[in-house]
Amino acid sequence: PPLVDLLTSGTDVAKENAAGALWDVGGNSDHIQVAIARAGAIRPLVELLTFGTDVAKEHAVGALWDLACRNNNRVAIAKAGAIPPLIQLLKSGTADAKWWAASALRKLAYNSAEN
């Protein structure tokens, strides 16, 4: 899928915009959140938490926050290695990234014995 491809192969601005678009379309729609996860977006979003620009990190953490509404996605996000970079964002991210990272960690932990 083009948006997922941009997360790894686009310019910095393209990565920012792709992560932002996934955040926007994920919203509160279960079927879209499932489709985003099935398209393989979780791992590239997690990678942006470490290697992206500040804007890409903010958009990626927001998209992951949306995806974490579903229990299956919470497990997949944790298995993709999101917890250490989310904790790092709490320490060194922008103010917005810190807020979203804390919220994402809360969602990952909510009602999930696996995480």
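Which hand does the crossing of α2 and α5 have, left or right? I looked this up before anything else in the notebook.

**Entry: α2 and α5**

I am working from a predicted model. The crossing of α2 and α5 is left-handed. I took α2 as residues 12-26 and α5 as residues 54-67. Their axes lie 8 Å apart, and the packing angle is about 25 degrees. Angles under 35 degrees count as roughly parallel, so α2 is roughly parallel to α5.

I then listed who makes the contact. From α2 I noted E16, A19, G20, L22, W23 and G26. From α5 I noted V55, A56, E58, H59, A60, G62, A63 and D66. Sorted by class, the α2 contact with α5 holds seven nonpolar, four polar and three charged residues.

**Entry: α1 and α4**

I turned next to α1, residues 2-9, and its packing on α4. The angle here is about 30 degrees, and the axes are 9 Å apart. α1 and α4 are therefore roughly parallel to each other. The crossing of α1 with α4 is left-handed.

On the α1 side I found V4, L7 and T8 in the contact, and on the α4 side P44, L45 and L48. By class, the contact of α1 with α4 has five nonpolar residues, one polar residue and no charged residues.

I took V4 as a single residue to follow in α1. Is V4 buried or exposed? V4 has a relative accessible area of 9%, so I entered V4 as buried. Setting aside neighbours within four places in sequence, I found V4 in contact with A39, G40, A41 and P44. I also checked V4 against K15: the two are eleven residues apart in sequence, and their C-alpha atoms are 9.1 Å apart in space.

**Entry: α4 and α6**

What angle do α4 and α6 make where they pack? I read about 50 degrees, with the axes 9 Å apart. α4 and α6 are therefore oblique to each other. The crossing of α4 and α6 is right-handed.

In this contact I42, R43 and V46 of α4 meet N73, A76, I77 and K79 of α6. The class count for α4 with α6 is four nonpolar, one polar and two charged residues.

I then went through α6 for burial and wrote down N73, R74, V75, I77 and A78 as buried. The buried residues of α6 pack against α3, α4, α5, α7 and α8. For orientation, I noted α7 as 83-92 and α8 as 95-109.

**Entry: the loop after α6**

A80 sits in the loop between α6 and α7. Its relative accessibility is 12%, so I counted A80 as buried. Which residues does A80 touch, not counting those up to four places away in sequence? I found I42, R43 and V46. I also looked at A80 against A14: they are 66 residues apart along the chain, and their C-alpha atoms are separated by 22 Å. Also just after α6, I noted that G81 takes a positive phi of about 90 degrees.

**Entry: the loop between α4 and α5**

I placed G52 in the loop between α4 and α5. At 16% relative accessibility, G52 counts as buried. Not counting residues up to four places away in sequence, G52 touches E47 and K57. I checked G52 against R38 as well: they are 14 residues apart in sequence and 22 Å apart in space, C-alpha to C-alpha.

**Entry: salt bridge**

How many salt bridges does a search of the whole structure find? I found one. The partners are R70 and D30, and their closest N and O atoms are 3.7 Å apart. R70 lies in the loop between α5 and α6, and D30 lies in helix α3, so the pair ties together parts that are 40 residues apart in sequence. For reference, I took α3 as residues 30-38 and α6 as 71-79.

I looked up accessibility for both partners. R70 has a relative accessible area of 26%, so I entered R70 as partly exposed. D30 comes out at 45%, so D30 also counts as partly exposed.

Technical notes
Residues numbered from 1 in each chain as written. Predicted model: local features only at pLDDT ≥ 70, side-chain atom pairs only at ≥ 80, totals over all residues. Heavy atoms only, no water. Axes fitted to C-alpha atoms, helices over the stretch in contact; angles between N-to-C directions. Helix = DSSP H or I, 4+ residues; strand = E, 2+ residues; numbered from the N terminus. Parallel < 35°, antiparallel > 145°, perpendicular 65-115°, else oblique. Left-handed = near helix turned anticlockwise from the far one by under 90°. Contact = heavy atoms within 4.5 Å. Nonpolar A, V, L, I, M, F, W, Y, C, P; charged D, E, K, R; others polar. Salt bridge = Lys/Arg side-chain N within 4 Å of Asp/Glu carboxyl O. Buried < 20%, exposed > 50% of the residue type's maximum accessible area, 1.4 Å probe, protein only.
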